[in-house]
Amino acid sequence: MDNACIKCGRCLSVCPVYKITSHERFSPRGKNDLIDLCLEGLLPNSHIAEAVNACILCGRCKEVCVLNIDTPEIIKKMRRRLWPEQKLHLYRSFITEKFLAFLQSETKQKVDTGIWWRLFALTRTLKFLPISFASRPFLSNIPTPAPKDTLKTKGTIAIFVGCGVNFIYPHLGEILLKLLGAMGFNVIVPPTQTCCGLMACSLGDIQTASRLAQQNISAFTQTKADIIITPCASCYHQLKIFSPYRQAGISPKVVELSQFLVNGGIETILKKVSSLNIKQIRTTWHDPCHLRFHHQIWEEPRQILRQTTTFVESSPEGQCCGHGGSFMLNFPELSERIFSQRQQAILKSNTKLVFTTCMGCLLQLQSHLGKQKARHLLEIFV
Ligand code: SF4
Ligand code: SF4
């Protein structure tokens, strides 16, 4: 791999992992050097695995790099090379190959009778757990929208649900379904859709990610929808950038939720649906890294909050929450320390509610700040 890095150090000042650890090997610059040495055969895989895993893939380094070096992409490619060894760590292959696939199969067939889903549902009674599973997955019980006269609708929208909404926050799927219907769209939820594959992709398990993508491509191609919308910022990112989705023509149809709502006219939407009465409540926005640093989307969610609440800024340049999916599992202590910096900024803003659209960020925010304080942007439109 040709490492053009001129060692200017600009990326070090923004990398959340480096800022916490101050270890050069955990910086974007250091990781690139280690990867080069490994690819040249001067270091064994085992020597660089920890540094390669210690990345949130937030994209911040790429945004500031003077040479536009795409460090997150370089890291993802290296993780693919390391995957045959990495998957020997049981929990990693368990997550990608077993757990998500298992949940999906339970969703479809056995939710009413399956012992596993009943056990998952018990998590709702264990208040000390940071997350709890829904009593029914959204996809097992898709509400049927009122049939619309296709000649009068504004078009057909397909919802990509994502694991977070399907298993933990099904009410968000219901809100989105109602909201899009009220806006005049014909809404469909392809029932055979599955996980977007982001977690598998981030861990380096490209085979599982591709298999999941193929299932989604088949589910969404059949719908002939004009637009695809997902309530999750990280699913949005995966659907936009993962090559199987791009090659199948899925990616261009995917529209980001806050941009879609702003284009629809928030005032007009508010006339059609009821909203939380929180105009006087001080709120702030948490930028999902996938939206802010990979797709440069930050203004629209703020615009929605300014129009519906008393918005107060708490991260003018974006600040990672430290979740990062597999990063939080691999480095829980680092994840907590990164979050504590974000938490300080939120507390300083003296706001009552913090909104976001990434399910990973939402889980991280809720597990530290409480379920009442951290909300999804859709929850404004009740
Ligand atoms: S993607 Fe984020 S965490 Fe990873 S090296 Fe770049 S700035 Fe650091
Ligand atoms: S900003 Fe880019 S060129 Fe500068 S040290 Fe980081 S990776 Fe290298």
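I take two residues to be in contact if their C-beta atoms, placed from the backbone, lie within 7 Å. With that settled, I looked first at the range of the contacts in this predicted model: among those in the protein between residues at least 6 apart in sequence, 73% join residues at least 24 apart.

**Overall content.** I then listed the secondary structure, which comes to 20 helices and 8 strands. Of the 382 residues in the protein, buried ones make up 45%.

**Sheet with β1 to β4.** I traced the strand order and found an open sheet of 4 strands, running β2-β1-β3-β4, with parallel pairing. Its edges are taken by β2 (186-188) and β4 (254-255), and because each of these has a single partner strand, one side of each is left without a neighbour in the sheet. I looked more closely at the end of the order with β3 (residues 227-229), which pairs with β4 in the parallel sense over 2 bridges; for I228, the bridge partner in β4 is V254. On the helices, I noted that α9 (residues 170-182) lies across β1 (156-159) and β2, and that α9 runs at about 175 degrees to β1.

**A225, ahead of β3.** I stayed with this sheet and looked up A225, a residue of the loop between α11 (206-221) and β3. Is A225 buried or exposed? I count A225 as buried, because 20 other C-beta atoms lie within 10 Å, and a residue is called buried at 20 or more. Leaving aside neighbours within four places in sequence, I find A225 in contact with T156, I157, A158, I188, F220 and K253. For one of these, T156, I also checked the backbone separation: the C-alpha atoms of A225 and T156 are separated by 5.1 Å, although the two residues are 69 residues apart along the chain.

**Sheet with β5 to β8.** The other sheet I traced is also open and made of 4 strands, in the order β6-β5-β7-β8, and the pairing is parallel. Here β6 (310-311) and β8 are the edge strands, each pairing on one side only. Helix α17 (residues 299-308) packs on this sheet and touches β5, β6 and β7, with a direction that makes about 175 degrees with that of β5.

I followed the pairing strand by strand. Strands β5 (residues 282-285) and β7 (residues 353-356) run parallel and are joined by 3 bridges; in β7, V354 is the bridge partner of T284, and F355 is that of W285. On the β8 side, β7 and β8 (residues 374-376) pair in the parallel sense, again over 3 bridges, and T356 has H376 as its bridge partner in β8. Which hand does the unit of β7, α20 and β8 have? I find that β7, helix α20 (residues 359-369) and β8 make a right-handed β-α-β unit.

**Helices α12 and α3.** I next asked how enclosed helix α12 (residues 233-241) is. In α12, 7 of the 9 residues are buried, so this helix is largely enclosed by the rest of the structure. The buried residues are A233, S234, C235, Y236, H237, Q238 and L239, and they pack against α8 (162-168), α10 (198-203), α13 (243-247), β4, α16 (289-295) and α20. Both β4, an edge strand of its sheet, and α20, the helix of the β-α-β unit, thus reappear in my notes among the packing partners of α12.

For helix α3 (residues 45-53), I recorded I48, A51, V52 and N53 as buried. What covers these buried residues includes α2, α5 and α18 (326-330).

**Ligand surroundings.** I finished with the two ligand shells. Around ligand 1 I find 15 residues, the closest being C15, P28, C55, C58 and C61. By class this shell has 11 nonpolar, 2 polar and 2 charged residues. Helices α1 (16-21), α2 (28-39), α4 (60-64) and α5 (71-86) each supply at least two residues of the shell around ligand 1; two of them, α2 and α5, are also among the elements covering the buried residues of α3.

Around ligand 2 I find 14 residues, and the closest are C5, C8, R10, C11 and C65. The shell around ligand 2 divides into 9 nonpolar, 2 polar and 3 charged residues.

Terms used
Residues numbered from 1 in each chain as written. Chains lettered and ligands numbered in written order. Predicted model: local features only at pLDDT ≥ 70, side-chain atom pairs only at ≥ 80, totals over all residues. Pairing = 2+ DSSP bridges. Axes fitted to C-alpha atoms, helices over the stretch in contact; angles between N-to-C directions. Near = placed C-beta within 6 Å. Nonpolar A, V, L, I, M, F, W, Y, C, P; charged D, E, K, R; others polar. Right-handed = clockwise from strand over helix to strand, strands pointing away. Buried ≥ 20, exposed ≤ 12 C-beta atoms within 10 Å, placed from the backbone.
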